[in-house]
Amino acid sequence: MPRPAPARRLPGLLLLLWPLLLLPPAAPDPVARPGFRRLGTRGPGGSPGSRPSPAAPGGAPVSGASEPGRARGAGVCKSRPLDLVFIIDSSRSVRPLEFTKVKTFVSRIIDTLDIGPADTRVAVVNYASTVKIEFQLQTYTDKQSLKQAVGRITPLSTGTMSGLAIQTAMDEIFTVEAGARGPSSNIPKVAIIVTDGRPQDQVNEVAARAQASGIELYAVGVDRADMESLKMMASEPLEEHVFYVETYGVIEKLSSRFQETFCALDPCVLGTHQCQHVCISDGEGKHHCECSQGYTLNADKKTCSALDKCALNTHGCEHICVNDRSGSYHCECYEGYTLNEDRKTCSAQDKCALGTHGCQHICVNDRTGSHHCECYEGYTLNADNKTCSVRDKCALGSHGCQHICVSDGAASYHCDCYPGYTLNEDKKTCSAIEEARRLISTEDACGCEATLAFQDKVSSYLQRLNTKLDDMLEKLKVNEYGQIHR
């Protein structure tokens, strides 16, 4: 049967105000209690849809489809395929007019969905003290037939066997034989149970088994509904699966909230796709990115890079060809070279003249366009090939010796004194030998012991002095020989 033609679009102002018109009255709101919300999206683990933003870019509403029979914003919102079962309480506490409101609520949700064998399939379970399957998932394949079937549902009787109703849906509706899609189809299984009372059977264990089998349960409570029972029936997180309204008079307005949950947004239309060039819609809220001509899609599947013109070997760069984002290219040179005015060829770079060589002493240019460092005489090049260390500190004149500096090898030396002088304790300065004079002034010259002591000390000092003179003469010869042969 052909689908009914969509109604004319509402004026822009009414579209903006429509979501506000759908909100329940601002009376005391039990939904504000901890653990309850009007509606939300399921977290990790799968969900029949995702919550859209309140408005599309530019202030236009994401979807204005909550009026019965009204088409949703074309190209923006498309519901994901679901196997959806409504489980509705029709016990005696639900008055005929109130039951009609429940049916309107179900019809409005159907209006927001894409109905069809490959899209969303809908079934209804009617329950009170008994349970009745009004129609299966495969019974109706278009909106008009579904809504007519919902309109023909009549209340049952007393009692509120919510657990039995959930068990019936699990055993007799969410099966492949009854029209549900199998696990390989990855189609979410969702049940919405609507009740105004307290279950007269055990629902917690039945609900747990249903959820373990992969069924996502939403619980809608009205008026006298027991909150703890709603929480026992609903899936986690409870704040996204448990809802409450004060009266049946406002329940139908919750349909817009379920539309948000079951709606898949088109990122290409909303501008949230992050494609650098072109966004292509694939349906069901999915999309992929493509690039403009002359560009190729990068590994992130979002950004684009210009085609590799350098790889075509028509660039004419002497050294290196570099692709630019604009789809063109430019030439660069190897290290030690500079690009010539023709922007293609390269010349060796005089890094020594530029002062960028880093050499501590001397920079020497090489033919290859590179350079190397050398050191002044008396220095050696360190392992970093840039800095220098002194080889003969005596030759530098910075040794600090008052008389004579004697090299002991690489970067090592000691100080010595001229004849007639002795090295002081600082190992650098020298003092004249005046021990004889000090002894004459301090010893008793008339005493025999003093005389002997004086003679012994003089002999000892003379012997030590001769030894030092011999050593100094030998070192002077060595230094003189080294100076001649440098």
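Strands β6 (215-222) and β7 (242-245) pair in the parallel sense over 4 bridges, where strands are DSSP runs of E with at least two residues, helices are runs of H or I with at least four, both numbered from the N terminus, and pairing requires at least two DSSP bridges between two strands. Between these strands the chain passes through helix α6 (residues 227-233), and the resulting β-α-β crossover is right-handed, in the sense that the path from the first strand over the helix to the second runs clockwise when the strands point away from the viewer. Gly221 has Tyr244 of β7 as its bridge partner. Val242 and Tyr244 point to one side of β7, whereas Phe243 and Val245 point to the other, and all are buried (under 20% relative accessible area, with exposed meaning over 50% and partly exposed in between, for a 1.4 Å probe and protein chains only).

The model is predicted, so that local features need pLDDT of at least 70 and side-chain atom pairs count only at pLDDT 80 or more, while totals for chains, interfaces and linings use all residues. Residues are numbered from 1 along each chain as its sequence is written, and side-chain values use heavy atoms, with hydrogens and water left out.

The secondary structure of the chain comprises 12 helices and 24 strands, and buried residues make up 40% of its 486 residues. Of the contacts (heavy atoms within 4.5 Å) with a separation of 6 or more, 57% are accounted for by residues 24 or more positions apart.

The largest nonpolar core, a set of buried Ala, Val, Leu, Ile, Met, Phe, Trp, Tyr and Cys residues joined through side-chain atoms within 4.5 Å, has 34 residues, and those with the most contacts inside it are Leu84, Phe86, Ile88, Ile109, Ile192, Phe258 and Phe262. Elements giving two or more residues to this core include β6, β7, α2 and α7, and α2 gives the most, with 6 residues. Apart from this core lies another, of 30 residues, among them Ile87, Val125, Ala207 and Ala234.

Helix α2 (residues 96-111) has 16 residues and reaches 23 Å from its first C-alpha to its last, close to the 22 Å expected at 1.5 Å a residue, the expected span being 1.5 Å times one less than the number of residues. Among its buried residues are Phe99, Val102, Phe105, Val106, Ile109 and Ile110, and the cover of the buried residues of α2 includes β2 (83-89), β3 (121-127), α3 (143-151), β5 (189-195) and α7 (255-262). Ile109 touches Leu84, Phe86, Ile192, Ser255, Phe258 and Phe262, residues up to four places away in sequence not being counted.
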